[in-house]
Each structure stands twice: as structure tokens, then as C-alpha cells.
Amino acid sequence: MSDNAFLVDTTKCQGCRGCQVACKQWNGLPGEKTEFFAGPENTNPAELSAITWNHVKFFPIDRSNPDRPIWTIMHKKCYHCNEANCLAVCPEKAISKVDGWTIIDQDKCIGCGACVNACVYKVPQVSGIEHVNDVGQKIVKRDKSHKCNACLVNKREVPACVTTCPSEALSFGNRAVLVKEARKRVAEYKKDFPHACIYGLDEFHGLRVITILRDAPEKYGLPTGKAAEPMEHAKAEAIRDTYALLSTFTFGIPALKRTAYRLSKSLASKEV
């Protein structure tokens, strides 16, 4: 299994969105239909989606020092949790770990939305469109869940988002080495940002995307504490077991499979 990870340094991000563009170009993803100021401040599009797997989010400007206002910007994608809720709840085992990364098998996905509901980061999304890229690959499939795959599907040695970042806000390499580098940087950043911290060391038993933040995770809308702990195994197993029983009556029809999952979740929740 690969020990690689991403390091996102929010103190270096310039908000150029080069990572968004590179991800779309490399993976053949279509553009979003957006409008100005779709999200907070200059964020556009507003959130991650089935066709936007890398996202640059802007937060309100820190004007505490009128002579030196500071932009707070964060690159976001799938965090590739070591113990991922989306993997735990998927009734079709369409989500698995490949070389340490959390990957969705489009051939198995039924678009039930289990992963969408389970992910506290709101990363995977079910597509409402079909899209074929310039070389004829059907990258985006209707009624299937999509998200960042760390460039394992359209494989490359270093993910596209990292290679295009002009300010070195994104790094890719051995996780232990990146964590050591993150600790070193945060110790220095605390001189200017006393609440600077590292996110991703322990959340969901460790994330494959380590993020250096200028302030507390809550300021970035990132969950902490119990909200960042894996789903209880008993609950996930109850949903899957109930679905395994009900799915025998779906005859392989996707619409019936989605209905069976929703019913499974409802029944299992009453039991656990």
C-alpha cells in the first residue's frame, strides 16, 4: 500500500484555482454552469460536485489589522480518510481502498447516495449528467457517485492539481515526511498566527490530505471531535445486512436498488 499523501498549506494558497483547472483538464471533466459570487466571497463554484473534484474556497477577509488584511483560502477535495464512512456504508461495495486511496467503482455504483449522506465533508456527489471527454472516455456517468480519485483512474505519478500549483501550496509524497514538514511549518507560522494547526492527523484515524490551517478547524467548516470519528461498525453493518436481504427482490434494477437502500437505512436505524 502506498504511504503517499497530499499536504495543503493554506498560508501559501493564492486562490488562483490552477488546481481546479488542472483537475478538469487531466480528468476530462466538464465546466460548471456558474454565476458570479456563487459561494462566499470569491468562491466559485460554491461547492464540490460530481464534476468538480478540486475546489478552492474563499473565506471572509481577516481585517483585524487594517494595514494588513489577510485572505483565508483553502484547497479542498476528498480527504481519503483511512477509515472512511462512505466505504463503510456502501451497500454494493462499490467503494474500496486502492493503494491506500478511497476509490469509487463506477461499474458497481448504483447512485443510492449512501456515500453522499455518510461523508461529513460533503465530498462525493451523484451526477445528473453523462459526459464523454475529448478522447471518448465516459468519465462522468449519470446516476453514479463521483469524487477525487488521486489521479489513479487516469493515472499519473504526481496528481495534476499538485503539478500546477504555482505557490507550492500543494505537495505530494510520503505521508510521514509531509507530516514532519507540516509540524515544522506550523511552529514557524504560530509567530504570526497563534492558532495555526494541522488538520488530518487523527480525524477518521488519519486523512490522506493533511492541511495546515491558520486558525482553528471550525473556522474552515471542518469537523472535529466525535464528528470526525468513523461511523460505528454496528450501524454500518446493520444497514448493509438489511440491504443484502432486500436487494434480492430488486432483480438488478437500479431504481429498485436505490429504493431498497433507502428502506434498509430506515429499518436499520430503528434497530441500532
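How many cavities of 30 Å³ or more does the structure hold? I counted four cavities of that volume or more. I note at the outset that the model is predicted.

**Entry 1. Cavities**

I looked up the largest cavity and found about 120 Å³ of space in it. Its lining is made of 16 residues, and I recorded those closest to its centre as Cys81, Ala84, Cys86, Cys119 and Tyr121. Several of these names return in the entries on rings and cysteines below.

**Entry 2. The largest pocket**

I then turned to the largest pocket, in which about 360 Å³ of space lies. Which of the residues that line the largest pocket are the closest to its centre? I listed Asp62, Thr72, Phe193, Arg214 and Asp215, out of 16 lining residues. Two elements, β2 (55–62) and β3 (70–76), give two or more residues to this lining. The largest share comes from β2, with three residues.

**Entry 3. Aromatic pairs**

I searched the whole structure for aromatic pairs, and the search gave nine. I examined the pair of tyrosine 121 and tyrosine 199 in detail: the ring centres are 6.4 Å apart and the planes stand at 90°, an edge-to-face arrangement. Where do the two partners lie? Tyrosine 121 is in the loop between α3 (114–118) and β6 (125–126), whereas tyrosine 199 belongs to strand β11 (residues 197–199), so the pair ties together parts that are 78 residues apart in sequence.

I checked whether these residues are buried or exposed. Tyrosine 121 is buried, with a relative accessible area of 4%, and tyrosine 199 is buried as well, at 1%.

I found that tyrosine 121 also pairs with phenylalanine 204: the centres are 5.8 Å apart and the planes meet at 65°, so this pair is edge-to-face. Phenylalanine 204 sits in the loop between β11 and β12 (209–213), and with tyrosine 121 in the loop between α3 and β6 the pair therefore ties together parts 83 residues apart in sequence. Phenylalanine 204 has a relative accessibility of 2% and counts as buried. I recorded Tyr79, Tyr121, Tyr199 and Phe204 as one aromatic cluster.

**Entry 4. Charges over rings**

I looked for charged side chains placed over rings. The charged end of lysine 77 sits over the ring of phenylalanine 6, at 3.9 Å from the ring centre. Arginine 208 lies over the face of tryptophan 101, with 5.3 Å to the ring centre.

**Entry 5. Cysteines**

How many disulfides does the count give? I obtained zero. I then looked up the sulfur distances of two cysteines. For cysteine 78, the closest cysteine sulfur is in cysteine 148, 5.9 Å away, which is too far for a bond. For cysteine 81, the closest cysteine sulfur is in cysteine 119, and their distance of 6.5 Å is likewise too far for a bond. The cut-off that decides these cases is 2.5 Å between the sulfur atoms. Cysteine 78 is buried, with a relative accessible area of 7%, and cysteine 81 is buried at 9%. Both Cys81 and Cys119 are among the residues closest to the centre of the largest cavity.

**Entry 6. Helix α1**

I asked how many residues of helix α1 (residues 18–27) are buried. Seven of its ten residues are, so the helix is largely enclosed by the rest of the structure. I listed the buried residues as Gly18, Cys19, Gln20, Ala22, Cys23, Lys24 and Asn27. What do they pack against? I found β2, β3, β8 (138–140), α4 (160–164) and β10 (170–174). Of these elements, β2 and β3 also give residues to the lining of the largest pocket. After α1 comes glycine 28, which has a positive phi, near 65°.

**Entry 7. Aspartate 107**

I closed with aspartate 107, which I located in the loop between β5 (101–104) and α3. Is aspartate 107 buried or exposed? It counts as exposed, at 66% relative accessibility. Leaving aside neighbours within four places in sequence, I found aspartate 107 in contact with Lys141 and Lys144. I also noted alanine 94, which is 13 residues from aspartate 107 in sequence and 7.8 Å from it in space, C-alpha to C-alpha.

Notes: Residues are numbered from 1 along each chain as its sequence is written. This is a predicted model: local features need pLDDT of at least 70, side-chain atom pairs count only at pLDDT 80 or more; totals for chains, interfaces and linings use all residues. Side-chain values use heavy atoms; hydrogens and water are left out. Rings of Phe, Tyr and Trp (its six-membered ring) pair if their centres lie within 6.5 Å; planes under 30 degrees apart count as stacked, over 60 as edge-to-face and the rest as tilted. Helices (H or I, at least four residues) and strands (E, at least two) are DSSP runs, numbered from the N terminus. Buried means under 20% relative accessible area, exposed over 50%, partly exposed in between (1.4 Å probe, protein chains only). A charge sits over a ring if NZ of Lys or CZ of Arg is within 6 Å of the ring centre and within 35 degrees of the ring normal. Contact means heavy atoms within 4.5 Å. On a 1 Å grid over the protein atoms alone, a cavity is a set of points where a 1.4 Å probe fits but cannot get out, and a pocket is an open set with protein on both sides within 12 Å along at least five of seven lines; lining residues have an atom within 4 Å of a point. Grid points are joined across faces, edges and corners, and a volume is the space filled by probe spheres set on the points.
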